[in-house]
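Welcome! Here is a short briefing to read alongside the sequence and the 3D view.

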Amino acid sequence: MKYITFDQSRPLDIVLLGRIAIDFNPSYQDAIKEDFKPLKKVHTFEMFVGGSPANIAVGVNKHGLKTGFIGKVSNDQFGDFVTDYFNERGIDTSRVTRCKNGEKLGLTFTEMLSPKKSHILMYRNQVADLKLSVEDIDEEYIKSTKAILISGTALAESPSREAALKAVMLARKNNTIIIFDIDYRKYNWKNKDEIAIYYSSVAKEADIIMGSREEFDLTEMFINVSSTDAESANYWQSQNAKIVVIKHGMKGSTAYINNGEKFSIKPFPVQARKGFGGGDGYASGFLYGLYQGWDMIDCLEFGSAEASMMVKSNNCSDDLPSADQVHAFIKEEKELYGEMIARKED
């Protein structure tokens, strides 16, 4: 079923705009396994590419989508690491450029205390990804892709926010599908007024919006919308949205379609390693389903399965699964726990 019409004449399936960072996660290799403990007691870490839009790029690329990225990275060894990682996987980095004034990639150290409790410690002062500028936004590149995904973190500071808004305007001008992953990170923002102003500016142009209930509440602060999922979906669909996905963590998620239908799913049960990374897997799987023209029920199921796979992983990028691995996981989970398929709601 077609919920979104992608221009099949365009060579790229999706371009993502936003942050590329590095995650340092406690080692979970057999030789050195740092079990659940406070960060101050961890001695050995593994290094991975991180940042939500970067992880989603890796995820959809693993599913076979032709993927590009618009971003800014540091002009040093860490910048080499992330661009090489993308290039080795066939993700186009022609619009990933280097900072010129010494800005560094964001670094994230993760603390895994229990299957249900984890924290992140971030270093983002003078961070490279927020130095993306309007000069880095190329109209021809946006015309070459079926869709562009804007990560909300890119709106947190200038000049990145102006670059993101320019990309949205050019996408709308050229009939490129706009996907808005709200991707709220408190540490990037000065106040809630700025969050509401810039989030709502992009949300009003987006064809697909994905976020948690908290993220929608922040986006709607200056809009006369009640804080119910149905009212949020109705409002954004009165603008441009075709699909609105609202997530409630372990309680599940619901996709609202602009034809009035809605579908919900609960997470697949797993023994979690961490409390983050699931959203990146969810987006990768859900969007892949849309590109395949699946029914919404199947898109939700695939996204939910990939999210569960990622919360039991020790990282948010390397372990993103192939489509075949997600299908196998769904089959295995259903054999263990019964039918977990999404449901259509009245």
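Glutamate 140 and lysine 143 sit 3 residues apart in helix H3 (residues 139–143), which means that about one helical turn separates them. These two residues form a salt bridge, and their closest N and O atoms are 3.4 Å apart. Please keep in mind that this is a predicted model.

**Salt bridges**

- The count of salt bridges comes to 22, and the bridge between glutamate 140 and lysine 143 is a good place to begin.
- Lysine 143 has a relative accessible area of 35%, so this residue is partly exposed.
- Arginine 161 and glutamate 194 also meet through their side chains in a salt bridge, at 3.2 Å from N to O.
- Because arginine 161 belongs to helix H4 (residues 160–173) and glutamate 194 to helix H5 (residues 192–203), their pairing ties together parts that lie 33 residues apart in sequence.
- Both arginine 161 and glutamate 194 are buried.

**A salt-bridge network**

- A salt bridge joins the side chains of aspartate 207 and arginine 172, with 3.7 Å from N to O.
- Aspartate 207 is in the loop between H5 and strand S10 (208–212), while arginine 172 is in helix H4, so this pair ties together parts 35 residues apart in sequence.
- Are these two partners buried or exposed? Aspartate 207 counts as buried, at 3% relative accessibility, whereas arginine 172 counts as partly exposed, at 27%.
- A network of salt bridges links Arg172, Asp207, Glu205 and Lys242.

**Helix H2 and its two faces**

- Helix H2 (residues 77–88) has 12 residues, and at 1.5 Å a residue it should span 16 Å; the C-alpha atoms at its ends are 16 Å apart, which agrees.
- Which residues of H2 are buried? They are Gly79, Val82, Thr83, Tyr85 and Phe86.
- These buried residues cover an arc of only 150° around the axis, so they lie on the same side of H2.
- On the face of H2 turned away from that buried side, you will find the exposed residues Gln77 and Glu88.
- The cover over the buried residues of H2 includes helix H1 (52–62) as well as strands S2 (21–26), S3 (45–50), S4 (67–73) and S5 (92–98).

**A nonpolar patch on the surface**

- Ile197, Met221 and Phe222 make up a nonpolar surface patch, and together they have about 280 Å² of accessible area.
- Phenylalanine 222 is found in the loop between helix H6 (213–219) and helix H7 (229–237).
- The relative accessible area of phenylalanine 222 is 53%, and the cut-off for exposed is over 50%, so this residue counts as exposed.

Notes:
Residues numbered from 1 in each chain as written. Predicted model: local features only at pLDDT ≥ 70, side-chain atom pairs only at ≥ 80, totals over all residues. Heavy atoms only, no water. Patch = residues over 30% accessible without salt bridge, like charges linked within 9 Å, V, L, I, M, F, W, Y side chains within 5 Å. Areas by Shrake-Rupley, 256 points an atom, 1.4 Å probe, with all protein chains shown as cover. Salt bridge = Lys/Arg side-chain N within 4 Å of Asp/Glu carboxyl O. Helix = DSSP H or I, 4+ residues; strand = E, 2+ residues; numbered from the N terminus. Buried < 20%, exposed > 50% of the residue type's maximum accessible area, 1.4 Å probe, protein only. Expected span 1.5 Å × (residues − 1). Arc of directions from axis to C-beta. Contact = heavy atoms within 4.5 Å.
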